[in-house]
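These are my notebook entries from a session of looking things up in one structure. I went from the sheet to the helices, then to the ligand, and last to a few single residues.

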Amino acid sequence: MTITITAFERSPDGGKGLARDTRVRWALEEVGQPYDVRLVSFRALKEPEHVALNPFGQIPTYEEGDLVLFETGSIVLHLAERHAGLFPSDANARARAISWMFAAVNSVEPPILELVNAKILEGDKPWTDERMPIVKDRVRSRLTQLSARLGSSEWLDGVFSAGDLLMVSVLLRLRASGLLDEFSNLAAYVARGEARPAYKRAFDAQLAINAR
Ligand code: GTB
């Protein structure tokens with residue numbers, strides 16, 4: 001069955017791969033599923049046709065026959081459950097991989113988004129200079145914990161899983177801030193993710209659209 005995802009017609013990052021369709025593309029590449037992409041303008045995101053797919057009027061969405069999904073965590077989970085390549089076969093290891101998926105989107109991504117919003121959306125506010133160190137320290141605190149757990153391991157729990165795919169995707173958003181480089185094992189972890197052939201294919205596919 002054909003899989004169709006949505007992505008920005010033109011991503012504001014100009015092809016750095018930071019918009020969330022990249023993580024879905026990456027998951028599709030890891031499990032070897034071909035897919036089509038429907039490009040959506042910012043205006044079209046909020047129109048009824050797209051809101052029927054994603055109630056929040058956002059990308060990415062995922063369509064496969066009658067099935068429509070939104071939220072990248074749920075899309076990656078769906079792909080990991082249906083196809084080999086993103087979950088270990090052992091039931092407990094699989095459950096732990098799901099813990100890492102939730103950790104990525106629920107515990108690590110929120111302070112990172114707070115930092116991004118503080119810079120991009122609120123950077124001109126009079127209280128920014130005072131607030132920024134607090135927001136950065138919240139990110140550092142999570143990275144310290146994650147770094148301690150990862151230690152010198154290659155991936156978070158044995159073999160590469162959907163948990164690593166989401167965690168690396170979330171951490172990539174931090175690169176421009178320099179915070180990732182404060183944690184050499186996390187910087188190396190992210191680089192290992194980016195070096196995966198499936199990631200490269202996903203990155204190149206979004207770049208081909210956004211560099212036009
Ligand atoms: N929780 C949802 C998920 O994981 O699927 C969040 C989806 C989401 O935030 N989508 C964003 C969106 O559609 C695009 S990815 N925004 C438009 C809107 O809300 O109207 C966020 C994003 C956007 C741009 C960059 N960038 O340019 O660097 C990076 C990330």
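**Entry 1, the sheet.** I began with the strands of this predicted model, and I found four of them forming an open sheet in the order β2-β1-β3-β4, with mixed pairing. The edges are taken by β2, residues 36–40, and β4, residues 67–70, each of which pairs on one side only. When I looked up the twist, the average angle by which neighbouring strands of this sheet are turned against each other came out at 20°, direction ignored.

**Entry 2, what lies on the sheet.** I noted that helix α1, residues 21–30, packs on the sheet and touches β1 (3–8), β2 and β3, while its direction makes about 150° with that of β1. Helix α4, residues 72–82, lies across β3 and β4, and I wrote down about 130° for the angle at which α4 runs to β4.

**Entry 3, pairing around β3.** I then went through the bridges of β3. Strand β3, which covers residues 61–64, is joined to β4 by four bridges, and the two run antiparallel; I looked up two of the partners, and found that Glu63 is bridged to Val68 in β4, and Tyr62 to Leu69 in β4. Towards β1, I counted three bridges to β3, again with an antiparallel run, and here Ile3 has Glu64 of β3 as its bridge partner. The hairpin of β3 and β4 has two residues between the strands, and in this hairpin Gly65 adopts a positive phi near 60°.

**Entry 4, the two faces of β3.** Which residues of β3 point one way, and which the other way? I found Thr61 and Glu63 pointing one way and Tyr62 and Glu64 the other way, and I noted that all are buried. As a reminder to myself, side chains in a regular strand alternate between the two faces of the sheet.

**Entry 5, burial of α1.** I returned to α1 to ask how many of its residues are buried. The count is 10 of the 10, so I recorded α1 as largely enclosed by the rest of the structure. The buried residues include Arg23, Arg25, Glu29 and Glu30, besides Val24, Trp26 and Leu28. After α1 comes Gly32, for which I read a positive phi near 70°.

**Entry 6, the ligand.** I next listed the surroundings of the ligand, which has 13 residues around it, with Arg20, Lys46, Ile59, Glu71 and Thr72 coming nearest. I looked up three polar distances. A side-chain N or O atom of Thr72 is 2.6 Å from an oxygen atom of the ligand, a side-chain N or O atom of Glu71 is 2.7 Å from a ligand nitrogen, and a polar side-chain atom of Gln58 is 2.9 Å from a ligand oxygen. The ligand taken alone exposes 680 Å², of which the protein buries 79%.

**Entry 7, His78.** Is His78, which I located in helix α4, buried or exposed? Its relative accessibility is 7%, and because the cut-off for buried is under 20%, I entered His78 as buried. Leaving out neighbours within four places in sequence, I found His78 in contact with Tyr62, Glu64, Leu67 and Leu69.

**Entry 8, Thr128.** I placed Thr128 in helix α6, residues 128–150, and noted that Thr128 is buried at a relative accessible area of 10%. Residues up to four places away in sequence not counted, Thr128 touches Glu122 and Gly123, and the side chain of Thr128 reaches the backbone oxygen of Glu122 at 2.7 Å. I also checked Thr128 against Ala84, and these are 44 residues apart in sequence and 46 Å apart in space, C-alpha to C-alpha.

**Entry 9, Leu180.** My last entry concerns Leu180, which lies in the loop between α7 (162–172) and α8 (184–194) and counts as buried at 3% relative accessibility. What is Leu180 in contact with, leaving aside its neighbours within four places in sequence? I found Leu171, Leu174, Leu186, Ala187 and Val190. Leu180 and Arg140 are separated by 40 residues in sequence, and I noted 8.8 Å between them in space, C-alpha to C-alpha.

Key. Residues numbered from 1 in each chain as written. Predicted model: local features only at pLDDT ≥ 70, side-chain atom pairs only at ≥ 80, totals over all residues. Heavy atoms only, no water. Pairing = 2+ DSSP bridges. Axes fitted to C-alpha atoms, helices over the stretch in contact; angles between N-to-C directions. Contact = heavy atoms within 4.5 Å. Near = heavy atom within 4 Å. Polar contact = N/O pair within 3.5 Å; in protein donor to acceptor, adjacent residues only side chain to side chain. Areas by Shrake-Rupley, 256 points an atom, 1.4 Å probe, with all protein chains shown as cover. Buried < 20%, exposed > 50% of the residue type's maximum accessible area, 1.4 Å probe, protein only.
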